[in-house]
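Reader: Before we begin, could you show me the structure and then take me through some questions about its salt bridges and its core?

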Amino acid sequence: IAEIMTIYESRVAAGTLAVWRRDEVWMEGGDYESPVPHTERLGPVDYLQTMNFRASMAFGEPTVDSVRSIKTAISFLHKFEASGCVVQLECGGAVQGEVPPDAMGKLKGFLSEHESVLSGLQTTVSPGMFEDAHEEVRHTGTLDGEMKKTGKKLAKDMDKIGLKNCFNPKCNRFEHQPKQFAKCTRCGFAVYCGRECQKADWKRHKKECSTLAKRAEEEVMQNKSKNCLHVGQSQQVLTLIRFFHHFALCSFEFDATETAEAEMAKVLVKPQLEGHDLGTVQLDMQSVSIAFAAIWSMDKEDRADMVRNFQNTVKQVRFPGMDFSIVTEWSQQAVAGDFTVVKHTDRGTILLHEHEDGEIRGYCAVGITQSLESLFQQHPEPMPFTVNTGLLPFKKVVLCQGTIMSTCKPSSPELEAIAKRFVDGEEGVVRIIERFG
């Protein structure tokens with residue numbers, strides 16, 4: 001037990017207990033083999049079962065250390081459940097984990113008993129253990145540590161399909177992995193965590209069922225398009241924007257920013273966010289546009305400090321399937337300002353931008369939920385024309401931030417000349433960037 005607990009505590013402290021190394025694999029077909037001892041292959045369920053065993057048997061009687069260990073286990077369990085019990089794979093991707101039944105209740109009970117023994121209110125702890133009918137959900141692989149494609153498939157589904165909330169407004173459950181909930185067979189869009197929720201919501205849902213069928217078709221078309229993100233990816237980006245804007249506009253660094261864009265956001269947008277939990281406010285498109293402009297107007301060092309604080313804060317959020325570190329890439333690599341639109345392709349829209357050093361670069365950008373071409377359909381001017389927006393790094397594409405404004409600011413003669421030549425067919429006059437980095 002002492003040897004195992006030493007390993008546990010080091011992995012919990014390092015935040016790697018819910019991360020499986022390449023050599024931590026179950027072999028297919030019952031019994032397993034592994035190139036490392038079992039005590040080195042410790043996952044979340046192993047940890048919680050061992051803590052339960054140790055607390056219930058009270059080896060050496062309850063101590064200050066045993067209380068500390070149980071509190072650590074409870075803290076880990078809170079974070080693991082908040083993450084949707086998602087276990088990351090060192091080789092990439094993730095798998096769905098789980099916890100023993102009533103784990104939190106039993107650990108809290110043992111904590112109370114250990115503290116009571118130390119305070120002299122009782123003499124010993126009650127015996128009790130989790131039912132031994134639980135199996136750790138392990139990723140399958142080979143003896144040399146090569147993972148199978150299950151984790152990659154889960155990551156691919158996360159990008160393509162995403163996670164959905166139960167459609168019953170009175171239910172707060174959400175999926176921990178793609179396709180976990182059952183779809184309404186009529187519209188193919190609404191999902192429910194169980195039959196009871198579906199039956200309870202039918203009276204409301206039947207009024208919108210036929211309308212939502214069109215949204216299901218739109219999602220299918222979105223996933224087929226190469227000039228916008230997949231449904232799951234767009235869900236991730238919109239969530240990142242919601243959290244990022246909320247934190248940024250309420251930050252100390254933003255309060256110290258005195259640009260015209262920041263002052264406008266302080267008056268029009270910040271009041272909508274104050275007093276609400278992080279990431280719980282859905283801003284309208286105009287407010288999102290104002291927020292982005294304000295953030296890009298911040299001093300680079302101040303923005304970098306703000307993003308570092310953001311990353312420290314969201315470590316406690318553990319939103320399932322969400323990689324908040326992408327926001328750091330946005331802060332460091334985003335290109336914002338005026339862009340000249342010169343061409344639409346099946347991979348995205350080409351926008352030209354003149355940087356501060358005078359270099360003119362082209363970017364092949366995609367939209368979040370729809371192509372930029374569709375967004376520009378109502379634009380009265382023929383190409384080339386100029387808009388104001390921001391481009392963000394996201395995985396392997398250049399992503400438009402989702403808000404596009406008209407601009408009256410004239411382009412430089414050099415940019416106008418290159419844009420005209422590009423539209424006329426001289427596409428080699430400028431280098432086109434299809435991904436950052």
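**Salt bridges and core**

Author: The side chains of Glu263 and Lys266 meet in a salt bridge at 3.3 Å, N to O, a salt bridge being a side-chain nitrogen of Lys or Arg within 4 Å of a carboxyl oxygen of Asp or Glu. This is a predicted model, in which local features need pLDDT of at least 70 and side-chain atom pairs count only at pLDDT 80 or more, while totals for chains, interfaces and linings use all residues. Residues are numbered from 1 along each chain as its sequence is written, and side-chain values use heavy atoms, with hydrogens and water left out.

Reader: By about how much of a helix are Glu263 and Lys266 separated?

Author: Both residues lie in helix 10, helices being DSSP runs of H or I with at least four residues, numbered from the N terminus. Because they are three residues apart there, the separation is about one helical turn.

Reader: Which residue of helix 1 pairs with Arg68 of helix 3?

Author: The pair links distant parts of the chain, 59 residues apart. The side chain of Arg68 meets its partner at 3.5 Å, N to O, and that partner is Glu9.

Reader: Which helix supplies the largest share of the largest nonpolar core?

Author: A nonpolar core is a set of buried (under 20% relative accessible area, 1.4 Å probe, protein chains only) Ala, Val, Leu, Ile, Met, Phe, Trp, Tyr and Cys residues joined through side-chain atoms within 4.5 Å. The largest one has 38 residues, and its largest share, eight residues, comes from helix 8.

Definitions and conventions:
Buried < 20%, exposed > 50% of the residue type's maximum accessible area, 1.4 Å probe, protein only. Helix = DSSP H or I, 4+ residues; strand = E, 2+ residues; numbered from the N terminus.
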